[in-house]
Amino acid sequence: MAKKRPQTKAGQPQLTDGEIPVVGAREPCPCGSGRRYKACHGRAAAHAVTELVQRPFEGLPGECDWVALRELVPAATVELTLKDGLPEGVPSVTLATVLPMAWPALRRDDGSVLLGLQNDTPSGDISRDLADTLQRALEAQPGTPVQARRAPADGPRMQDLLDAEGVFEPVVHDGFEFWVPDPENAAPDVAASLERANAAAIPTVKLTGVDSAYWCETPDKNHLRWVMPHPEERLLDALARLHAAGRSSLGEGTRLVGSFRAHGLTVPVWDLPSGVSADDVEKPAAEFAERLAAALASEAPLTPEERRARGGLTNRQVTLS
């Protein structure tokens, strides 16, 4: 015979949703329903934790650069401005692409905080996980790293902690010496991690004439990867118009080869000859931005040639996240 579900005692007090604490998944739900927590109030909490947020950085200053630093840029830092100001004893909060030993965050000896961006996150909302890590780092003892954990489903997001009017200006580095104040005298494990990271870093430069475009150098060829804020379908239409008209390149020997899809945004990618530097593509990129703006404004239906160009671009799109 099937087990009977325990009935709630008539005299047992009923709790409101806001009063129900988190308990073990197999324990009785504190609300008094008689069901296990995972089948009762824990169900909504679990869903909130695992639900994928398609654009986790939406609403943050510099959303496109957040995506670039999360997925494309090896070594970069950004000074963050907190909505409520810096707590006492915390001279600065810095976002970093990667930290030594892949720490989620580090409270330095001087009290400053480094927050790592390129870490695996346990929930479907990177912004909530980062905010939880940041809050714990602000309270950690100086000189200690912050370990990963699952953020509370109702915890704040980075959009709740950062000043919406603050600037977001990434500084791209040649290596990871920013990890430690004195790289020459770093601890052996940190020094070894630093050496490995520097050896694997791809030379990268942020363009100055357009937003969120990053040149990088690889052994065979160079690339430009440009994170764009426009709706994906409209952007692909505009790129197809330019591609079909032979106006999608950034100069002789360059070619628009496809795009990435990352955190709800589209990242067109160009192949560049090995001799083409970041400075060489500054002017062509600015000129392309003007052509793209005109193509984005067009309301005309795509021609057959433009539809073929769009299909080719779509087939060469790779999803990063």
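**Note on the predicted model**

1. In the hairpin formed by S10 and S11, two residues sit between the strands, and His 263 there takes a positive phi near 50°. This is a predicted model, and the points below should be read with that in mind. S10 covers residues 255-262, while S11 covers residues 265-272. The two strands pair in the antiparallel sense, with seven bridges between them. Ala 262 of the hairpin has Leu 265 in S11 opposite to it.

2. S10 has another partner, strand S12 (residues 317-319), and here the pairing is parallel, over three bridges. Within this pair, Phe 260 stands opposite Val 318 in S12. Is S10 buried or exposed? Six of its eight residues are buried, so the strand is largely enclosed by the rest of the structure.

3. Six strands make up an open sheet of mixed pairing, in the order S5-S3-S4-S2-S1-S6. The edge positions are held by S5 (144-146) and S6; each has a single partner strand, so one side of each is left without a neighbour in the sheet. At the S5 end, strand S3 (residues 105-107) runs antiparallel to S5 and is joined to it by three bridges. Ala 105 has Val 146 in S5 as its bridge partner.

4. At the other edge, S1 runs antiparallel to S6 (residues 171-172), with two bridges joining them. Ala 76 is placed opposite Val 172 in S6. S1 also pairs with S2 in the antiparallel sense, over three bridges, and in that pair Glu 79 stands opposite Thr 94.

5. Thr 94 belongs to strand S2. Its relative accessibility is 8%, and it therefore counts as buried. Thr 77 is 17 residues from Thr 94 in sequence, yet the C-alpha to C-alpha separation is 6.5 Å.

6. Which residues of the largest nonpolar core touch the most other members? They are Trp 66, Leu 80, Leu 134 and Met 158, in a core of 40 residues. The elements that give two or more residues to this core are the helices H2 (63-71), H3 (126-139) and H4 (158-161), together with the strands S1 (76-79), S2 (93-96), S4 (113-116), S10 and S11. H3 supplies the largest share, six residues. Domain 1 (63-200) and domain 2 (204-319) both contribute residues, so this core lies between them.

7. H2 deserves its own entry. Eight of its nine residues are buried, so the helix is largely enclosed by the rest of the structure. The buried set is Glu 63, Cys 64, Asp 65, Trp 66, Val 67, Ala 68, Leu 69 and Arg 70. Of these, Trp 66 also appears in the lining of the largest cavity.

8. How many cavities of 30 Å³ or more does a search of the whole structure find? The search finds two. The largest cavity holds about 60 Å³ of space. Its lining is made up of Pro 61, Trp 66, Leu 80, Thr 81, Leu 162, Asp 163, Gly 166, Val 167 and Phe 168. By class, that lining has six nonpolar, two polar and one charged residues. Trp 66 and Leu 80 are also among the core residues that touch the most other members.

9. The second largest pocket has a volume of about 300 Å³. It is lined by 15 residues, and those closest to its centre are Leu 106, Arg 108, Asp 109, Val 180 and Pro 181. The lining divides into nine nonpolar, one polar and five charged residues.

10. Two other residues with positive phi are worth a look. Ala 102, which is not glycine, has phi near 55°. It is located in the loop between S2 and S3 and is partly exposed, with a relative accessible area of 49%. Ser 212 has a positive phi as well, near 60°. Ser 212 lies in the loop between strand S7 (204-206) and strand S8 (213-217). With a relative accessible area of 4%, Ser 212 is buried, whereas Ala 102 is partly exposed.

How values were computed:
Residues numbered from 1 in each chain as written. Predicted model: local features only at pLDDT ≥ 70, side-chain atom pairs only at ≥ 80, totals over all residues. Heavy atoms only, no water. 1 Å grid on protein atoms, 1.4 Å probe; cavity = no way out; pocket = protein on both sides within 12 Å on 5 of 7 lines; lining within 4 Å. Points joined across faces, edges and corners; volume = space filled by probe spheres on them. Nonpolar A, V, L, I, M, F, W, Y, C, P; charged D, E, K, R; others polar. Buried < 20%, exposed > 50% of the residue type's maximum accessible area, 1.4 Å probe, protein only. Helix = DSSP H or I, 4+ residues; strand = E, 2+ residues; numbered from the N terminus. Pairing = 2+ DSSP bridges. Core = buried A, V, L, I, M, F, W, Y, C linked by side-chain atoms within 4.5 Å. Domains from an automatic or database assignment.
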